[in-house]
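Trainee: Could we take a close look at just one part of this protein, namely its inside? I'd like to know what sits there and how the surroundings fit around that part.

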Amino acid sequence: MSINRIILAGRLGADPIVRQAGESKVCNVGLATSEKRKNGEEVTTWHNLVFWGPAAEIMQKYAQKGTLMYVEGKQQSRSYTGSDGVKKHTTENVVTSFEFLAGYKKPHTGGRDFRDDEPVETSYDFSKNGEFN
């Protein structure tokens with residue numbers, strides 16, 4: 001038996017980048033998590049997140065640099081050949097469900113942050129066949 005599951009909560013380090021990948025959209029963005037060590041030093045770790053299909057579209061619509069998010073998914077490693085012809089390796093976290101916690105935008109507000117009392121869908125689960133649940 002093996003388990004491959006990640007659970008993270010942190011802030012986006014940049015606006016999400018969404019591009020077309022074959023028949024689907026894909027979104028790549030970095031998520032920062034921080035923790036305080038016993039000596040009081042704060043250490044930040046950056047996590048590469050990947051959102052596919054409808055999840056990528058939701059990220060493009062609502063997320064922005066600084067958005068506080070809770071994400072669940074799985075970690076995967078892959079190799080690819082860079083534009084310089086050199087083989088590269090990367091580790092990514094493929095997100096299957098997520099929730100916007102703070103700092104996200106709502107389309108009808110012109111991109112501004114909105115009040116906490118304004119209703120909006122903030123939780124998404126794509127863990128079953130990439131479909132919205």
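Mentor: Sure, and one definition first: a residue is buried under 20% relative accessible area, exposed over 50%, and partly exposed in between, using a 1.4 Å probe and counting protein chains only. What you see is a predicted model, in which local features need pLDDT of at least 70 and side-chain atom pairs count only at pLDDT 80 or more, while totals for chains, interfaces and linings use all residues. Residues are numbered from 1 along each chain as its sequence is written, and side-chain values use heavy atoms, leaving out hydrogens and water.

Now the layout. The protein has 1 helix and 7 strands; these are DSSP runs numbered from the N terminus, with at least four residues (H or I) for a helix and at least two (E) for a strand. Along the sequence they come in the order β-β-β-β-α-β-β-β. Of the 133 residues, 35% are buried.

So what's inside? The largest nonpolar core holds 22 residues. Such a core is a set of buried Ala, Val, Leu, Ile, Met, Phe, Trp, Tyr and Cys residues joined through side-chain atoms within 4.5 Å. Its residues with the most contacts inside it are L49, F51, M59, M69, V71, F98 and F100. Strand 1 (6-12), strand 3 (24-36), strand 4 (42-52), helix 1 (54-62), strand 5 (68-81) and strand 6 (87-102) each give two or more residues to this core. Helix 1 gives the most, with 5 residues. There's a general habit behind this sort of thing: in soluble globular proteins, nonpolar side chains tend to be buried together.

Stay with helix 1 for a moment. Its buried residues are A55, A56, I58, M59 and Y62. They lie on the same side of helix 1, because they cover an arc of only 160 degrees around the axis, taken from the directions from the helix axis to the C-beta atoms. As a rule, an α-helix has 3.6 residues a turn, so residues three or four places apart point the same way.

M69 is a good residue to zoom in on. Setting aside residues up to four places away in sequence, M69 touches L8, A9, G10, L12, L31, F51, M59, F98, E99, F100 and L101; contact here means heavy atoms within 4.5 Å. One of those, G10, has M69 as its bridge partner in strand 5. Long-range touching shows up across the protein too: among contacts with a separation of 6 or more, 55% are between residues 24 or more positions apart.

What about the strands themselves? Two strands count as paired if DSSP finds at least two bridges between them. Strand 1 pairs with strand 5 in the antiparallel sense over 6 bridges, and with strand 3, also antiparallel, over 2 bridges. R11, for instance, has A32 of strand 3 as its bridge partner. Strand 3 and strand 4 run antiparallel and share 11 bridges, and L31, a residue M69 touches, is bridged to H47 in strand 4. The hairpin of strand 3 and strand 4 has 5 residues between the strands, and G40 there takes a positive phi near 90 degrees.

Strand 2 (residues 17-21) joins strand 3 through 5 bridges, again antiparallel, with R19 partnered to V26. This hairpin has 2 residues between its strands, and G22 in the turn has a positive phi of about 70 degrees.

Being buried isn't just for nonpolar residues. N93, found in strand 6, is buried because its relative accessible area is 4%. Leaving aside neighbours within four places, N93 contacts I6, L8, H47, N48, L49, V50, K74 and Q75.

Charged residues can be buried too. The whole structure has 4 salt bridges, meaning a side-chain nitrogen of Lys or Arg within 4 Å of a carboxyl oxygen of Asp or Glu. One joins R5 and E72, 2.4 Å from N to O. The pair links R5, in the segment before strand 1, to E72 in strand 5, 67 residues apart. R5 is exposed at 53%, whereas E72 is buried at 16%. Another joins E92 and R78 at 3.0 Å, N to O, linking strand 6 to strand 5 across 14 residues. E92 is buried at 7%, while R78 is partly exposed at 35%. D84 and K88 form one as well, at 3.6 Å, N to O, and K88 is partly exposed at 31%.
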